[in-house]
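Grab a coffee and work through a few short exercises on the fold shown here. Try each task by eye before you read its solution.

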Amino acid sequence: MKTSATLPDIRTEGDIKTLVDTLCSKATNDTLLGARFGAAARIHWPHYLTTQYRYWSSTLLGHGTQEGEPLPEQLALPTSGPHIEHWLKLFSSAVEECFAGSKAEEAKKLARQMATRLSMSRTRELPVD
């Protein structure tokens with residue numbers, strides 16, 4: 001098992017893919033958030049994942065046509081209360097499971113900022129079947 005001292009930092013597109021895929025797997029299989037990610041699955045998953053890869057790559061690595069992509073419109077992220085706190089824990093867990101370093105810490109900080117922005121801008125939750 002890798003320790004934080006032996007984990008790499010987030011540096012490449014492949015690292016971004018690992019982070020997004022790990023988070024989506026955790027959230028999809030989570031008892032509290034799984035239904036939200038199931039609702040998000042109504043959108044085209046490959047498109048959703050590509051959007052997430054592009055957002056995090058642009059935001060963390062500066063890749064893309066602008067400094068940070070706008071927040072993806074279809075984001076399987078709760079906007080308030082214990083759900084958002086739980087999502088942030090899953091996000092941090094996904095980062096810490098795979099990465100350590102300044103970019104990993106920046107990713108966690110950006111996720112907290114994203115959650116704050118979304119909670120202020122969204123007026124409705126994703127539908128849950």
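The exercises below go from the whole chain to a helix pair, a core and one serine. Keep in mind that this is a predicted model.

**Exercise 1. The overall layout**

Work out which secondary structure elements the protein chain has, and in what order.

Solution. Start with the count: the chain has 5 helices and 0 strands. Walking along the sequence then gives α-α-α-α-α. Next, look at burial: of the 129 residues, 44% are buried. Finally, take the contacts between residues at least 6 apart in sequence; 75% of these link residues at least 24 apart.

**Exercise 2. A helix pair**

Describe how α1 and α3 cross, and classify the angle.

Solution. Two packed helices are described by the angle between their axes and the distance between the axes. Here α1 covers residues 13-28 and α3 residues 45-61, and their axes come within 9 Å, crossing at roughly 125°. That angle lies between the perpendicular range, 65 to 115 degrees, and the antiparallel one, over 145, so α1 and α3 are oblique to each other. As for hand, the crossing is right-handed.

Now list who does the touching. From α1 come Glu13, Ile16, Lys17, Val20, Asp21 and Cys24. The α3 side includes Trp45, Tyr48, Leu49, Trp56, Ser57 and Leu60. Sorting the residues of this contact by type yields 10 nonpolar, 2 polar and 3 charged.

**Exercise 3. The nonpolar core**

Find the largest nonpolar core and say which element gives the most to it.

Solution. In soluble globular proteins, nonpolar side chains tend to be buried together. The largest such core in this model has 30 residues, and those with the most contacts inside it are Ile10, Ile16, Leu19, Trp56, Leu60, Trp87 and Phe91. Elements giving two or more residues are α1, α3, α4 (81-98) and α5 (102-121). The top contributor is α4, with 8 residues.

For a closer look, pick Ile10. Beyond residues up to four places away in sequence, Ile10 touches, among others, Asp15, Ile16, Leu19, Leu60, Phe99 and Ala107.

**Exercise 4. One serine**

Is serine 57 buried or exposed?

Solution. First place serine 57: it sits in α3. Its relative accessibility is 3%, and the cut-off for buried is under 20%, so serine 57 counts as buried. Then check its partners outside four places in sequence: Glu13, Ile16, Gly62 and His63. Serine 57 and glutamate 13 are 44 residues apart along the chain, yet their C-alpha atoms are separated by 6.4 Å.

Conventions
Residues are numbered from 1 along each chain as its sequence is written. This is a predicted model: local features need pLDDT of at least 70, side-chain atom pairs count only at pLDDT 80 or more; totals for chains, interfaces and linings use all residues. Side-chain values use heavy atoms; hydrogens and water are left out. Axes are lines fitted to C-alpha atoms, for helices over the stretch in contact, and angles run from 0 to 180 degrees between N-to-C directions. Helices (H or I, at least four residues) and strands (E, at least two) are DSSP runs, numbered from the N terminus. Angles under 35 degrees count as roughly parallel, over 145 as roughly antiparallel, 65 to 115 as roughly perpendicular and the rest as oblique. A crossing is left-handed if the near helix is turned anticlockwise from the far one by less than a right angle, and right-handed if clockwise. Contact means heavy atoms within 4.5 Å. Ala, Val, Leu, Ile, Met, Phe, Trp, Tyr, Cys and Pro count as nonpolar, Asp, Glu, Lys and Arg as charged, and the others, Gly among them, as polar. A nonpolar core is a set of buried Ala, Val, Leu, Ile, Met, Phe, Trp, Tyr and Cys residues joined through side-chain atoms within 4.5 Å. Buried means under 20% relative accessible area, exposed over 50%, partly exposed in between (1.4 Å probe, protein chains only).
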